[in-house]
Amino acid sequence: YKDTDPAGLATCLQTMRSYINNIVVNPVEPKFQRINCDNNAFRSRVAAFDGATAVLEALGFTPDGTTLLVTGPWVSANKKKLWEAQNKVDVILEQVKSAL
């Protein structure tokens, strides 16, 4: 997508970064523990990009019907992994933005 839809890819990465940051900063806040996969913003900004949902699942979000869920205790036990993922998303996002 870097060559075919860099603006869309940047939006996808920014959205994923928000999901990661929100759950790390607020691990026990229920609204950040759940991503509604039926939400139009999620479908157009994230799910439309191959592999984006798989990345969220690799980070600990688990499918549960039409949502992706993560629990506060899991986040607390894996904060380092999530911070590292956020840093990697930041690097990729900067590369994509520089190509715009």
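The questions and answers below look at how the descriptive words used for this predicted model are justified.

This is a predicted model, in which local features need pLDDT of at least 70 and side-chain atom pairs count only at pLDDT 80 or more, while totals for chains, interfaces and linings use all residues. Residues are numbered from 1 along each chain as its sequence is written, and side-chain values use heavy atoms, with hydrogens and water left out.

Q: What makes the protein chain as compact as a globular protein of its length?
A: The radius of gyration, taken over C-alpha atoms, is set against the globule rule, which is 2.2 Å times the number of residues to the power 0.38. The protein chain has a radius of gyration of 13 Å, close to the 13 Å that the rule gives for 100 residues, so the chain is as compact as a globular protein of that length.

Q: Which pattern do the helices and strands of the protein chain follow along the sequence?
A: Helices (H or I, at least four residues) and strands (E, at least two) are DSSP runs, numbered from the N terminus. The protein chain has five helices and three strands, and their pattern along the sequence reads α-β-α-α-β-β-α-α.

Q: Why is helix 1 called oblique to helix 2?
A: The axes, which are lines fitted to C-alpha atoms over the stretch in contact, are compared by angles that run from 0 to 180 degrees between N-to-C directions. Angles under 35 degrees count as roughly parallel, over 145 as roughly antiparallel, 65 to 115 as roughly perpendicular and the rest as oblique. The axes of helix 1 (residues 6-25) and helix 2 (residues 40-47) come within 8 Å and cross at roughly 120°, and that makes helix 1 oblique to helix 2. Contact (heavy atoms within 4.5 Å) is made by T11, C12, T15, M16 and Y19 of helix 1 and by F42, R45 and V46 of helix 2.

Q: What makes Y19 and F42 a tilted aromatic pair?
A: Rings of Phe, Tyr and Trp (its six-membered ring) pair if their centres lie within 6.5 Å, and planes under 30 degrees apart count as stacked, over 60 as edge-to-face and the rest as tilted. Y19 and F42 lie 6.3 Å centre to centre with 45° between the planes, and the pair is tilted.

Q: How do you know whether Q86 is buried or exposed?
A: Buried means under 20% relative accessible area, exposed over 50% and partly exposed in between, with a 1.4 Å probe and protein chains only. Q86, at 3% relative accessibility, therefore counts as buried.
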